[in-house]
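Hello,

Here is the structure I promised to pass on. Have a look at it first, and then read my notes below.

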Amino acid sequence: MMGRGEVDLIPGVASNAVLPVRMEYASQPIGHESCNIYKLQQNDAIKPGYASSFIGKKVGVLRNSPGKDYMADFIEENAISCEMVVYDDVAALSVDLESGAIDAFASMDTSVVGVAGIVVCLTIGENDYYVCVSPAKRTLLRELNEADARLRSEEPRFFEQLNAKYYHSETSSVVQSADEAAWIRVHGMLRIGFLKDYLPFCGLDENG
């Protein structure tokens, strides 16, 4: 438990987080995080976008995780008879997902288990994240707000670029939806034309 004055700044605190001491938020969020329900692509029993698809299903969550809280709220708010299976580690959850012991799992979008062929079914929670500062450090908060405003003006895509650089490998697998896969089976191949020297939109490197 942090006492007052033991810390100057806490980066990346959710807007609904319960902090041990009173903190002051920056003017603008530094990021946005979503909690999603994921399934294996080949699991046709769950239809993406439909809460009713989870009736009678088992959804895994990690203990003491935001996904567990969001999933509990989702079940209550939608009055769905869905079983939430709680795990202490990602490895056990991954094994049960691949074996079919659970139908899906709920997690923040940067904490997906290392299983191939995962797709998003439904977003069940969202949060903005802020830098938080001790009330005793209001000068620091003012400087942070000024620097943030300047950064957003000069580099409006800065946070988007950071997400693309550091979190691309942690999101769900990029695979075709059932409709897309069916289209490819019927049509065989999708041919896309582009200009080989029209950067930054498209280009052709030495490897083709």
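Let me start with a cysteine: is Cys35 buried or exposed? Cys35 counts as buried, because its relative accessibility is 0%, and buried means under 20%. Cys132 is likewise buried, with a relative accessible area of 0%. As for disulfides, the count comes to zero.

Please keep in mind that this is a predicted model. The average pLDDT of the protein chain is 80, and 80% of the residues reach at least 70. Over residues 1–7, however, the pLDDT is below 50, although this stretch has eleven contacts in the model beyond near neighbours in sequence.

The part I spent time on is strand β6, which covers residues 104–108. Five of its five residues are buried. In a regular strand, side chains alternate between the two faces of the sheet. In β6, Ala104, Ala106 and Met108 point one way, while Phe105 and Ser107 point the other way.

What does β6 pair with? Here are two strands to look for:

- Strand β3 (residues 31–40) pairs with β6 in the antiparallel sense, over four bridges. Here Tyr38 stands opposite Phe105 in β6.
- Strand β4 (residues 58–62) runs parallel to β6 and is joined to it by two bridges. Val59 has Ala104 of β6 as its bridge partner.

So that you can find the spot quickly on screen, I would begin at Phe105 and Ala104, which point opposite ways from β6 and are both buried.

Best wishes

Terms used:
Residues numbered from 1 in each chain as written. Heavy atoms only, no water. pLDDT = per-residue confidence, 0-100. Contact = heavy atoms within 4.5 Å. Buried < 20%, exposed > 50% of the residue type's maximum accessible area, 1.4 Å probe, protein only. Pairing = 2+ DSSP bridges. Disulfide = S-S within 2.5 Å.
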